[in-house]
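Reader: Hi! I'm new to reading structures, and I'd like a close look at just one part of this one. Could you walk me through a pair of neighbouring helices and some of the residues around them?

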Amino acid sequence: MSTIHDRIAKAGIPGQVTTAFALLAVAALGTVTLAPRLAHSSGASDHPSYAVVAITGEILIVLTACFLAFARKHLGMPTTWLLFAVLYNAAVIVAKFILGPRGIYETTFQLGGLLGPPDYNRPGQLASAGWFTLVLYVLVFGAVHAFFRGRAQRKLGVGRRFSVVAKVLITILSVVVLVPTLVVTLFAMQAYSDAVSAVTGIALTLCLWLAFGGSVGAMRTAATQAVDMRCIAMLTSVFWVGLALLVLYQALWGIYMGILISAWPLKTVQSSGK
């Protein structure tokens, strides 16, 4: 364990984990580019085969679980962390690659309204919407990390103590940034849940809660391990690995949805303006 401790403290993320992540990215990229070809041969006239979509997500879950099992050993995390990390990432993958595509193809998008969705049939607007979703994921993941990092630092006696003025400013900034973002997100989720089927909407909501719970469990376990080994760098390494996975998923989702939509354009109607 001391070897793992020294490696994390000096290098942040071990080189073996970086190599494994690169292999994961290559395997996942191959999956999301080859799967649409299979979907094209077995899909309906107006949407890709949902069975193929589900299999794509399942393959990504298996690949990610293998990567996390490898990373757990080199990051010095306990088995409990692996279980929470797999739950978190599996829930994100199900939401983005299984339920997300199905929900999008269940929806007829009304274009032209003031608060209406962009035209996802255009690659640029699809990418913009996807990266906005990534920002929301990162904000939540970063907030969970910041909370447990601060608690771990206080236990180790190295936490930064903010003055009352600093705490007030941080609170105001958080409200100014997070509240509008939350309001817009809730409106968007409400509009989306009204468009998709009840089963898909409930499943998506459940996945998001499971993802949040998994992220909290994984960060809490990593923070406990960091305190036990007196090495905050371990927690930082876990954060960067999680962030890298979120960015990878978003990039893969953009490629995957771009290929699917090029073969099966989404259903849209033009707003009457009334």
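Author: Happy to! In this predicted model, helices α3 and α4 are roughly antiparallel, because their axes cross at roughly 160 degrees and angles over 145 count that way. Helix α3 covers residues 50-75 and helix α4 covers residues 79-106, with the two axes coming within 9 Å. Their crossing is right-handed. Sorted by class, the residues in this contact are 19 nonpolar, 4 polar and 3 charged.

Now pick out one residue of α4, N89. Its relative accessible area is 4%, so N89 counts as buried, the cut-off being under 20%. Setting aside neighbours within four places in sequence, N89 touches T64, L68, L245 and Y249.

Next, look at the aromatic rings. The structure has 7 aromatic pairs. One of them joins Y88 and F141, whose rings are stacked, with 5.6 Å from centre to centre and 10 degrees between the planes. Y88 sits in α4 while F141 belongs to helix α5 (residues 123-156), so this pair ties together parts 53 residues apart in sequence. Y88 and F141 are both buried.

Another pair is F239 with W240: the ring centres are 5.4 Å apart and the planes meet at 65 degrees, so this one is edge-to-face. F239 is buried, at 14% relative accessible area, whereas W240 is partly exposed, at 46%. Finally, put these rings together: Y88, F141, F239 and W240 are linked by ring pairs into a cluster.

Conventions. Residues are numbered from 1 along each chain as its sequence is written. This is a predicted model: local features need pLDDT of at least 70, side-chain atom pairs count only at pLDDT 80 or more; totals for chains, interfaces and linings use all residues. Side-chain values use heavy atoms; hydrogens and water are left out. Axes are lines fitted to C-alpha atoms, for helices over the stretch in contact, and angles run from 0 to 180 degrees between N-to-C directions. Helices (H or I, at least four residues) and strands (E, at least two) are DSSP runs, numbered from the N terminus. A crossing is left-handed if the near helix is turned anticlockwise from the far one by less than a right angle, and right-handed if clockwise. Ala, Val, Leu, Ile, Met, Phe, Trp, Tyr, Cys and Pro count as nonpolar, Asp, Glu, Lys and Arg as charged, and the others, Gly among them, as polar. Buried means under 20% relative accessible area, exposed over 50%, partly exposed in between (1.4 Å probe, protein chains only). Contact means heavy atoms within 4.5 Å. Rings of Phe, Tyr and Trp (its six-membered ring) pair if their centres lie within 6.5 Å; planes under 30 degrees apart count as stacked, over 60 as edge-to-face and the rest as tilted.
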